[in-house]
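Hi,

Here is the structure I promised to pass on. Please open it first, then read my notes below.

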Amino acid sequence: MTTYHFALASQKFLFEEEPFEEVIKERIRHYEEQGKERDFWVVKEPAFINAPSLKEASEKTPKPCVAIISTKKQFITWLKLRLEYIYVGEFEAPSEEIPEPLKSLAA
């Protein structure tokens, strides 16, 4: 199993009120310059928040929401410092509760 770290926010907050696109483009550019493989994903309406163990995350995040998921805790911690109004947490997957960690419920 892999530990995934995540940051959750409302889509309106992340895509309309914050310079999120710039933040992600900067991070992608940094990874490319360093020759690193990308270890983060942006998922609209993430399925993992419906897991019973993540009920608090679901309840505290306005809908529709978006998740930034990473295998690197440092990246999510950096995002929390950069984007103050987000919920952060972690989960193990794949598991019975979360079989597909990057699955989206968006149509």
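**Helix 2 and the sheet**

Helix 2 is followed by Gly 35, whose phi is positive, near 70°. This is a predicted model, where local features need pLDDT of at least 70 and side-chain atom pairs count only at pLDDT 80 or more, while totals for chains, interfaces and linings use all residues. Residues are numbered from 1 along each chain as its sequence is written, and side-chain values use heavy atoms, without hydrogens or water.

Helices (H or I, at least four residues) and strands (E, at least two) are DSSP runs, numbered from the N terminus.

Start with the helix. Helix 2 has 15 residues, 20-34. At 1.5 Å a residue (times one less than the number of residues), helix 2 should span 21 Å, and its end C-alpha atoms are 21 Å apart, which agrees.

Which residues of helix 2 are buried (under 20% relative accessible area, 1.4 Å probe, protein chains only)? They are Phe 20, Val 23, Ile 24, Arg 27 and Tyr 31. Seen down the axis, the buried residues fall within an arc of 95° (directions from the axis to the C-beta atoms), so they line one face of helix 2. On the other side, Glu 21, Glu 22, Lys 25, Glu 32 and Glu 33 are exposed (over 50%).

Now the sheet. Its four strands form an open sheet in the order 2-3-1-4, with antiparallel pairing (at least two DSSP bridges between two strands). Strand 2 and strand 4 (87-93) stand at the edges, each with a single partner strand, so one side of each lacks a neighbour in the sheet. Strand 1 (residues 2-10) and strand 4 pair over seven bridges. Tyr 4 has Phe 91 in strand 4 as its bridge partner.

Best wishes
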